[in-house]
Amino acid sequence: MSTIDSMKGSHGQMQDMINDLRAMMTEDQLKIRPNAMTTHRLLCELADQMKSHMSSQDQEIYPGLLIHEDPKLKSMAWGFLNGQKPMRKQYDDYYNKWLKDCDFNFTKDFVAETFDIFEMIEERIEREQSILIPTLETSGVFSRVAT
């Protein structure tokens with residue numbers, strides 16, 4: 001599987017998780033402890049998926065772009081890397097505030113912040129799908145080698 005295909009697959013998995021979590025995060029659903037526990041577990045899995053996605057990009061995509069001869073590719077890579085910093089900070093703050101203690105206290109503030117996190121992830125996915133992936137595909141940087 002190519003780097004780009006892997007990125008697209010990761011996008012799909014994260015989007016599916018967010019869609020499932022949005023459906024689960026209603027006041028009535030979260031009052032039921034097993035549902036709250038499942039929601040918490042899925043939120044943690046989403047965090048792991050997002051961290052893995054960004055780590056994969058840090059290892060597989062950006063190093064080659066940062067040394068590429070095309071200044072547009074370098075600039076794009078720096079833009080995405082710089083955009084990750086506040087995203088990681090926001091997610092770490094959210095995780096430490098709401099998820100690390102496993103108290104399953106799904107307050108209105110928690111749900112609101114969670115939906116903000118979902119929007120942040122979806123905006124990142126949209127930027128990668130509309131800017132990063134098309135640019136990579138057009139440039140041929142990560143073209144598949146025929147076997």
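Start with F110: at 2% relative accessibility it counts as buried (buried means under 20% relative accessible area, with a 1.4 Å probe and protein chains only). Keep in mind that this is a predicted model, where local features need pLDDT of at least 70 and side-chain atom pairs count only at pLDDT 80 or more, while totals for chains, interfaces and linings use all residues. Residues are numbered from 1 along each chain as its sequence is written, and side-chain values use heavy atoms, leaving out hydrogens and water.

Now look at the partner of F110. W98 and F110 make an edge-to-face aromatic pair, 5.2 Å centre to centre with 65 degrees between the planes (ring centres of Phe, Tyr or Trp, taking the six-membered ring of Trp, must lie within 6.5 Å, and edge-to-face means planes over 60 degrees apart). W98 sits in helix α5 (residues 71-99) and F110 in helix α6 (residues 108-139), so their pair ties together parts twelve residues apart in sequence; helices here are DSSP runs of H or I, at least four residues, numbered from the N terminus. W98 counts as buried too, at 15% relative accessibility. Ring pairs join both of them with Y91, Y94 and F106 in a cluster.

Zoom out to the largest nonpolar core, which has 28 residues; F110 is among those touching the most other members, as are Y91, Y94 and I121. Such a core is a set of buried Ala, Val, Leu, Ile, Met, Phe, Trp, Tyr and Cys residues joined through side-chain atoms within 4.5 Å. Helices α1 (3-24), α3 (33-60), α5 and α6 each give it two or more residues, and α3 supplies the largest share, eight residues.

Terms used: Phe/Tyr/Trp six-rings, centres within 6.5 Å; stacked < 30°, edge-to-face > 60°. Buried < 20%, exposed > 50% of the residue type's maximum accessible area, 1.4 Å probe, protein only.
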